[in-house]
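Work through the following exercises with the coordinates open, and compare each step of your own analysis with the solution that follows the task.

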Amino acid sequence: MARYDVTGMSCAACQAHVEKAVNKVPGVSSCSVSLLTNSMTVEGSASSESIIKAVESAGYGASLAEAVNTPRKTSLENKELPVLKNRLISSVLILLILMYFSMGVHMWGWPAPTIIGHSMMASGIVQMLLSGIIMVINQKFFISGFKAAIHGAPNMDTLVAMGSGVSFLYSVYNLIIMSDPECDASMETLYFESAAMIVTLITIGKLLESISKGRTTNALKALMDLAPQSATVIRNEAEVTIPIDEVAAGDIFIVKPGDKIPVDGVIIEGMSAVNESALTGESIPVDKEFGDKVSAATINASGYLRCEATRVGEDTTLSQIIKMVSDSAATKAPIARTADKIAGIFVPAVLVIAVIVISIWLISGHDLNFALTRGIAVLVVSCPCALGLATPVAIMAGNGLGAGNGILFKTSEALEQTGKISIVALDKTGTVTKGEPSVTDVLPASGFDKDEMIKIAASLESKSEHPLAKAIVSYAKETVECTGFTAIPGKGLTGTINGANVSGGNKDYITGIVTVPDNAVYESVKLANEGKTPLFFAYDGKFMGLIAVADTIKDEAAKAIEELHNMGIKTVMLTGDNARTAKSIASKAGVDQIVAGVLPEGKNKVINELKKYGKVAMVGDGINDAPALTSADIGIAIGAGTDVAIEAADVVLVKSRLTDVPAAIRLSRRTVTIIHENLFWAFIYNILLIPVAAGALYGLNIVMKPVMGAAAMSISSLTVCMNALRINLFDVFSTRRDKSLSKTADLPQEISGGTTMATKTISIEGMMCKHCEKAVRNALMDIPGVVTAEASHEEGTAKVELDGDVSDEMLTKTITDLEYKVTGIK
């Protein structure tokens, strides 16, 4: 994708004409022009020379943007604003003098030189000269307008130039007639002040519009301001401060307390608390130590850090965020394309309407003065700018607000479509859950203290590299020396602590060493049903207790899913885990449905199945989620995820918080609402005021002067820009305005793509009490593939849910080993 700067555009008609010209160039596959940023993005194999030539042939200027992937702040500087200010100041000063002579002297008798006060001809010449000076100051309207007309693509400047130009030329014509002594023409036939005031009022509107447009890019400018300008690196064993552009990957840099981290890197020495609010919005500093990653623009709050640069320049996290926001503004939302098509034919249609209006009034018997005034009013009141700005200013404001809250939309289409989602598919690990195991339950056996048990278990596990072992070590407050450590693959660990033999592992391993009480076995089954992994421990020949470890759900997961439900969105959790674990996590998080046992390649199939029931968003963080993220209508990547997932997604959540998913949907809906309001205003303005300008209310003695039309035109564009800025007042995390979709997705009871659940009912003879039920249930739950098991001695049955291939023979043997009789399995 190549980016170009475009000059000479003044309205949506210009934008449409440039797009049309570039799309005709052989080799161009797509072209998107932004009136807001005066830029253009082009995809395809066409050369830059041919693209620039096409733009110039259309009457505009183009040049390749800076040859960097990350936009510079200079590209967002409002270069038009100071020019407009100077034009306006000069125009207003001269206009005041013109109004003094045209109205003050001749209408209110203000003092003036005798020759001017008593001679209409002299007064008219003075007005013509002053008006001409103002038109020269604002010559851009005339140069751009007539140039566009010559190229067959009239724009807003064409309407302004024709309206002002016709007023001026008609006044010159009347002034010449006034030179005839026998002529009875009066000063009322001169419209020099109208010609001057039209371009002055439009310039005021352009100035206010430029200020408002500039404010929509404030969020992007603020991101750019975060970038550090220098870095302190180690060169020849000495600290050297160099410009940020000179830092290379592999350089060793240091960051002192209070300084910004210059580039992305990894800590090789030191520890500190780092304030990452610049990127994530979280104000609480995050503790960092050896091996942890740090990002550019974050602030070292306390300790001294020595880091190795890993990503520099345009590759840093900050630069990628800036690029993502900028690229999104350069793309075009589907809703904008409809407005652009209308704007493309709007100006020619207005020119035709103006000619028809003049003709009708002349035919109806009115003089040329009246007819021309109506035609000029039609020309200057028409506003294609509002149509062209309705969508891009709202998109830019929405993108800016999203970026400030850690929600990045890669394209304008993603921002528009996210709010239409009716189904959200969530990857379990790292998205709904934290993605790393932690201790959830500690159940010491009789005679053992909880803290002492944790210390002994952690001391044994400290010798292991297993993730579950690390969870127990992290949970413990202290450890002691463990000797004679041995790991038995697939079973557990053993070692010597304080002279006693210590063992830890699964139930089968520990029951081969010590006697495990029935209540401990029951508790282990109960923990397993909750999706946790129970670990058994023995100390000095005695059973010491159970420690359960699990990948727990994120703190905000249940809240996020509840918010999605309140917005009328169904939730589905995808996981490669067994159905037992999936059900436990799903019940805690509150998701509507689960698809368990799904393979990485199967996620894609599940997404395609869900798309039959509504628009689907996929939320994930891993490499295996990339195909599903791409297949979904909207792919949402967790910011802490892999680069592959982020690249495949349409939306990136920098904070890695699940509550940002409903926030993104909320922001999308609000932005689209603002766009609809803008388009409604743009259409209704033209629909109502063009007939009024044409003289539709003449019978009620209501007519619109060209000057009033020019003022209305300026107000229209300003209104659209100001309305878009209201997005900045929107709280993306507030649930106050959440509304359910008019039609929610109707999901089937079972979604294909994962492990198919099966239910079997076992008829059993011999169960007499609750203890029998407990024994049967625990035995069945120990079978791999059994998700749930319930037994009833009153009904003489046991019901099991299976997510694997469990044979009837296995179920029968398990029951008969307990000395009960199986009479049938359905």
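**Exercise 1: a glycine in a strand**

Gly 824 lies in strand β30, which covers residues 821-825; strands here are DSSP runs of E with at least two residues, helices are runs of H or I with at least four residues, and both are numbered from the N terminus. This is a predicted model, in which local features need pLDDT of at least 70 and side-chain atom pairs count only at pLDDT 80 or more, whereas totals for chains, interfaces and linings use all residues. Residues are numbered from 1 along each chain as its sequence is written, and side-chain values use heavy atoms, with hydrogens and water left out.

Task: determine which residues Gly 824 touches, not counting residues up to four places away in sequence.

Solution. Take a contact to mean heavy atoms within 4.5 Å; Gly 824 then touches Thr 761, Ile 762 and Ser 763, with residues up to four places away in sequence not counted. As a next step, take the C-alpha atoms of Gly 824 and Thr 761, which are separated by 8.3 Å although the two residues stand 63 residues apart along the chain. Finally, Gly 824 is classed as partly exposed because its relative accessible area is 26%, where buried means under 20%, exposed over 50%, and partly exposed in between (1.4 Å probe, protein chains only).

**Exercise 2: a glutamate in a helix**

Task: establish whether Glu 773 is buried or exposed, and find the partner of its side chain in a polar contact.

Solution. Begin with the location, since Glu 773 is found in helix α29, residues 770-781. Its relative accessible area is 8%, and therefore Glu 773 is buried. The side chain of Glu 773 makes a polar contact with the side chain of His 793 at 2.7 Å, a polar contact being a pair of N or O atoms within 3.5 Å of which, within protein, one must be able to donate a hydrogen and the other to accept it, while residues adjacent in sequence count only if both atoms are side-chain atoms. Not counting residues up to four places away in sequence, Glu 773 touches Met 767, Ala 791 and Ser 792 as well as His 793.

**Exercise 3: the chain as a whole**

Task: state how many helices and strands the chain has, and what percentage of its residues count as buried.

Solution. The secondary structure comes to 30 helices and 30 strands, and 53% of the 826 residues count as buried. Turning to contacts between residues at least 6 apart in sequence, 69% of them join residues at least 24 apart.
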